[in-house]
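Biologist: Please take one part of this model and describe it closely, beginning with the pairing of its strands and following the side chains into the interior. A brief account of the partner chain would also be welcome.

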Amino acid sequence: MAYAFFLGCIAPLRYPGIESATRVVFDKLGVEYRDIKGFSCCPAPGVTRSFSEETWLVVGARNLALAEKEGLDVVVICNGCYGSLFDVAHILNGDEEKRNKINAILKEEDGLAYTGKYKVKHFADVLYNEVGVDKIKQLCEAQQPYNVAIHYGCHFLKPSKHKKVDDPERPTILEDLVEAVGAVNIDYKEKQMCCGAGGGVRARNKDLSMKLTKTKLDNMKDANAEMIIDICPFCHLQFDIGQAELGEGYGMPVMHLSQLYGMAFGLPKDKLGIELHKTPVNL
Amino acid sequence: MSEFIEPNTEFSKEVAKRAGNTFNLCFQCGTCTGSCASGYFTAFRTRKVVRMAQLGLPTVLESDDLWACTTCYTCYERCPRGVDIPEIIFAIRNMAVEKGYMGEAHRKTAGFLLKTGHMVPINDEIKKTRQHLGLEEVPDTTLANPKALSSVQRLMMAMHFDELIGTKEE
């Protein structure tokens, strides 16, 4: 089963190494993906959904309908994109009146339609449930023996009532996925706490946003983490730039799971873009 | 001395119309507030937002604290009554924005979305970096497809998003 590869904004436009690493990792793992012409922003839930639920629904539905036209499920590499596209699909699937209204506008515009026939998946879900830990272990060429602080982010698991990916308070998917390539999962205080970037808070209230980030970074450091592993470019940005801005010498490189896997599978370093990070990755 | 406040049932009805009426299930236990990371650092009280929705107190629209929520969903996960608090916050934020209460940084970001189809702008440095990584210089999204961009723009305008973000903050 191939996927429509949904890029979002922060990966392609701020951390293109995440996009590039995901492509080579998908190739290595045999995950088929296709690029779809004309996708837009998911659109980002923090600002768009806070401003106008209807705009958020229609722009999200257009992205879903473009994938549907190609007969493909969607794969995302960002919790924000997952928070939008999964939730838009969930709302439209459960509300015929809203779905008809949105479809009437889409049809008039592009002849597009959203029917709910295809799924939205997060790439960590695809790696865990479709590729599987065993295959990942087999393909691992270079063990990554670092103490890693896993950051799930919020919208991969929650709202768990709809997403049903894993337990929102005590998940294990990412622990299994990092241990598959030899990394050591470090438990730390408030592990499930938000990075501080979401909901439009980074843009509107930087001070508050950084307080959350600092709390998480302090807790990770106290637990002797050598590296932060995320599955969301926005959390990634928050921890990577956040460490530089806070200037407290945390020295914990921030890696999107795709980049960790790129290293573990021995894929070309010039495709992983880790030298672009603000917090240096000296491993 | 405390003053009596007349509940504004119209306001409650409007929130219910947009977010469902799960806020009527809230018995003010405060699990949400106790679980709220933003509330730990600020005066933002999730329980109070839900109470204001119940009582119909439109002053909640003017509150800066309304924008402290990171939408992490921990409150919703832990609520013993299943109140969809993030949904309520989104609805109240929508109503606030319609009245012109919006942060300048948010308005600017919303403007990028309308102008480019993305929330994050592209620049020459990123184009060069993308090329070095072996990616297309400009991703094949609305950024490289003017037709796709105008379609997104028309959809947004069908929802009057352009008028919405043209409103000045009061």
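Modeller: In chain A, A:Phe6 lies opposite A:Val76, a residue of strand S3(A). The model is predicted: local features require pLDDT of at least 70, side-chain atom pairs count only at pLDDT 80 or more, and totals for chains, interfaces and linings use all residues. Residues are numbered from 1 along each chain as its sequence is written, chains are lettered from A and ligands numbered from 1 in the order written, and side-chain values use heavy atoms, without hydrogens or water.

Strand S1 (residues 3–6) of chain A is joined to S3(A) by four bridges, and the two run parallel. Strands are DSSP runs of E of at least two residues and helices runs of H or I of at least four, numbered from the N terminus; two strands pair if DSSP finds at least two bridges between them. S3(A) is also joined to strand S4 (residues 120–122) of chain A, by three bridges and again in parallel. There, A:Lys121 is the bridge partner of A:Val75.

From S3 (residues 73–76), A:Asp73 and A:Val75 point one way, while A:Val74 and A:Val76 point the other way. All four are buried, that is, under 20% relative accessible area (exposed is over 50%, partly exposed in between; 1.4 Å probe, protein chains only). In a regular strand the side chains alternate between the two faces of the sheet.

The largest nonpolar core (buried Ala, Val, Leu, Ile, Met, Phe, Trp, Tyr and Cys joined through side-chain atoms within 4.5 Å) has 161 residues, of which A:Phe51, A:Ile136, A:Leu177 and A:Leu257 touch the most other members. Helix H4 (residues 53–69) of chain A gives the most to this core, with nine residues. Domain 1 (2–122) and domain 2 (132–276) of chain A each supply at least three residues to this core; the domain bounds come from an automatic or database assignment. A:Leu177 is in contact (heavy atoms within 4.5 Å) with A:Ala124, A:Leu127, A:Tyr128, A:Val133, A:Ile136, A:Leu257 and A:Tyr261, leaving aside neighbours within four places in sequence.

As for the partner, chain B has 10 helices and zero strands. Of its 170 residues, 51% are buried. The C-alpha atoms of chain B fill a box of roughly 65 × 30 × 30 Å along the principal axes. Among contacts in chain B between residues at least 6 apart in sequence, 69% join residues at least 24 apart.
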